Amino acid sequence: MNWINQIACNLINTAKMEVLILKTNIRYKKQVKTVAPLLDGRDNISRWNIDLEDIDKVLRIESNDIELTEIVQLIQDAGFHCEELAD
């Protein structure tokens, strides 16, 4: 694949990227380490982070093919609360 085609494919994949923003009760780095393998193990999650400094302990997920309910269930199965952050 030449570099022009590769750039075009990257742009198409980026255009499909969806960002989910969720409120959690994950408060400590140790808790982040608990959910990290669950999120890192998902092929459909490109990037994620949890802002422990934010009052809502925001979980931000970049994905091109994931459902909100899937993430909520994943976090709940790990023993934490998670819900979509209202605008």
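Hi everyone. From the N terminus on, the elements of this chain run α-β-α-β-β-α-β, which makes three helices and four strands. Please keep in mind that we are looking at a predicted model.

Let me start with the chain overall. It has 87 residues, and 29% of them count as buried. If you take the contacts with a separation of 6 or more, 59% of them are between residues 24 or more positions apart.

Now to the strands. Strand 1 has two partners to talk about. It runs antiparallel to strand 3, and five bridges join the two. Strand 1 also pairs with strand 4, residues 82–84, again in the antiparallel sense, over three bridges. A good residue to click on here is Leu22. In strand 3, the residue opposite Leu22 is Leu59, and in strand 4 the residue opposite Leu22 is Glu84.

Leu22 and Leu59 come back when we turn to the core. The largest nonpolar core has 18 residues, and Leu22 and Leu59 are among those with the most contacts inside it, along with Ile26, Leu39, Ile61, Ile71 and Ile75. Where does this core come from? At least two residues each are supplied by strand 1 (18–24), helix 2 (29–40), strand 2 (45–51), strand 3 (58–63) and helix 3 (68–77). Helix 3 gives the largest share, with four residues.

If you want one residue to centre your view on, try Ile61. Not counting residues up to four places away in sequence, Ile61 touches Glu18, Val19, Leu20, Leu22, Leu39, Ile45, Arg47, Trp48 and Ile71.

Next, helix 2. A quick sanity check on its geometry: at 1.5 Å a residue, its 12 residues should span 16 Å, and the end C-alpha atoms are 16 Å apart, so the two agree. Which residues of helix 2 are buried? They are Val32, Val35, Ala36 and Leu39. These four cover an arc of only 135 degrees around the axis, so they sit on the same side of helix 2. They pack against strand 2, strand 3 and helix 3. Over on the other side of helix 2, Lys30, Lys33 and Pro37 are exposed.

Let's walk on past the end of that helix. In the loop between helix 2 and strand 2 we meet Asn44. Is Asn44 buried or exposed? Its relative accessibility is 16%, and the cut-off for buried is under 20%, so Asn44 counts as buried. What does Asn44 contact? Leaving aside neighbours within four places in sequence, the list is Glu62, Ser63, Asn64, Asp65, Ile66 and Glu70. Asp65 deserves a closer look: its backbone oxygen lies 2.8 Å from a polar atom of the Asn44 side chain.

One last stop, and this one is for those of you who like backbone torsions. Most residues other than glycine have a negative phi. Lys57 is not a glycine, yet its phi is positive, at about 45 degrees. You will find Lys57 in the loop between strand 2 and strand 3. With a relative accessibility of 12%, Lys57 counts as buried too.

So, three places to visit when you open the file: Ile61 with its contacts to residues including Leu22 and Leu39, Asn44 with its side chain 2.8 Å from the backbone oxygen of Asp65, and Lys57 with its positive phi. Thanks for listening!

Methods. Residues numbered from 1 in each chain as written. Predicted model: local features only at pLDDT ≥ 70, side-chain atom pairs only at ≥ 80, totals over all residues. Heavy atoms only, no water. Core = buried A, V, L, I, M, F, W, Y, C linked by side-chain atoms within 4.5 Å. Buried < 20%, exposed > 50% of the residue type's maximum accessible area, 1.4 Å probe, protein only. Contact = heavy atoms within 4.5 Å. Expected span 1.5 Å × (residues − 1). Arc of directions from axis to C-beta. Polar contact = N/O pair within 3.5 Å; in protein donor to acceptor, adjacent residues only side chain to side chain. Pairing = 2+ DSSP bridges.
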